[in-house]
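Here's a quick briefing to read alongside the model. Have the sequence and the 3D view open as you go.

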Amino acid sequence: SGRVSACYDRFKVGGVVKVKTSIGADGSVKDASAQGSFAGTPTGDCVEKAVKRVKFPKTQNSRTITYPFSLG
C-alpha cells in the first residue's frame, strides 16, 4: 500500500487504478497490469511495478485477481 501511495505522491494523478494480477502458487506475482484509463500511463506503470514486488501466501493453485487501488 505504501509503494502504491508513493505513485500518487510522484505523479499527482488521483483515481482508482484497477490492477489485474497473476499470482503463482508460490505467492509471487507473475504479472500485473493496470486496466482502463491508467493502462500505459506513468502512474499505471508505477502501480504495476509496486504490485509486482508484493508477496502473497502460498497456495496450491495459481490465481488471477483484479484489485482496485485508490490514489489521492
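What follows is a short lead on the overall fold, then bullet points by topic.

Keep in mind that this is a predicted model. The chain has two helices and three strands, and in sequence order they come as α-β-β-α-β. One disulfide is present, and the three strands form an open, antiparallel sheet with helix H2 packed on it.

**Overall size and packing**

- The chain's radius of gyration is 12 Å, which agrees with the value near 11 Å for a compact globule of 72 residues.
- Along the principal axes, the C-alpha atoms take up a box of roughly 40 × 20 × 15 Å.
- Buried residues make up 31% of the 72 in the chain.
- Take the contacts with a sequence separation of 6 or more: 65% of them come from residues 24 or more positions apart.
- The accessible surface adds up to about 4,500 Å², and carbon and sulfur atoms hold 50% of that.

**The sheet**

- Reading across the sheet, the strand order is E2-E1-E3, and the pairing is antiparallel.
- E2 and E3 sit at the edges with a single partner strand each, so each has one side without a neighbour in the sheet.
- On average, and ignoring direction, neighbouring strands here are turned by 25 degrees against each other.
- Nine bridges hold the antiparallel pair E1 and E3; one spot to look at is Gly-15, whose bridge partner in E3 is Leu-71.
- E1 and E2 are also antiparallel, over five bridges, and here you'll find Val-19 opposite Ala-34 of E2.
- The hairpin of E1 and E2 has five residues between the strands, and Gly-27 in that hairpin takes a positive phi near 95 degrees.

**Helix H2 against the sheet**

- H2 touches E1, E2 and E3, and its direction makes about 160 degrees with that of E2.
- Which residues of H2 are buried? They are Thr-43, Gly-44, Cys-46, Val-47, Glu-48, Ala-50 and Val-51.
- As a general point, an α-helix has 3.6 residues a turn, so residues three or four places apart point the same way.
- The cover over the buried residues of H2 includes H1 as well as strands E1 (15-23), E2 (29-34) and E3 (63-71).

**The disulfide**

- Cys-7 and Cys-46 form the disulfide, with the sulfurs 2.1 Å apart.
- The link ties together distant parts of the chain: Cys-7 belongs to helix H1 (residues 2-11) and Cys-46 to helix H2 (residues 42-52), with the two positions 39 residues apart in numbering.
- Is the link of Cys-7 and Cys-46 left-handed or right-handed? It's left-handed, with -85 degrees about the S-S bond.
- Cys-7 counts as buried because its relative accessibility is 0%.
- Cys-46 is buried too, at a relative accessible area of 17%, which falls under the 20% cut-off.

**Putting it together**

- H2 is a good place to start in the viewer: Cys-46 in H2 is joined by the disulfide to Cys-7 in H1, and H2 also packs on the sheet.
- From there, step across the sheet in the order E2-E1-E3, and compare the five bridges of E1 and E2 with the nine of E1 and E3.

Notes. Residues numbered from 1 in each chain as written. Predicted model: local features only at pLDDT ≥ 70, side-chain atom pairs only at ≥ 80, totals over all residues. Heavy atoms only, no water. Disulfide = S-S within 2.5 Å. Helix = DSSP H or I, 4+ residues; strand = E, 2+ residues; numbered from the N terminus. Buried < 20%, exposed > 50% of the residue type's maximum accessible area, 1.4 Å probe, protein only. Contact = heavy atoms within 4.5 Å. Pairing = 2+ DSSP bridges. Axes fitted to C-alpha atoms, helices over the stretch in contact; angles between N-to-C directions. Rg over C-alpha atoms; globule rule 2.2 N^0.38 Å. Areas by Shrake-Rupley, 256 points an atom, 1.4 Å probe, with all protein chains shown as cover.
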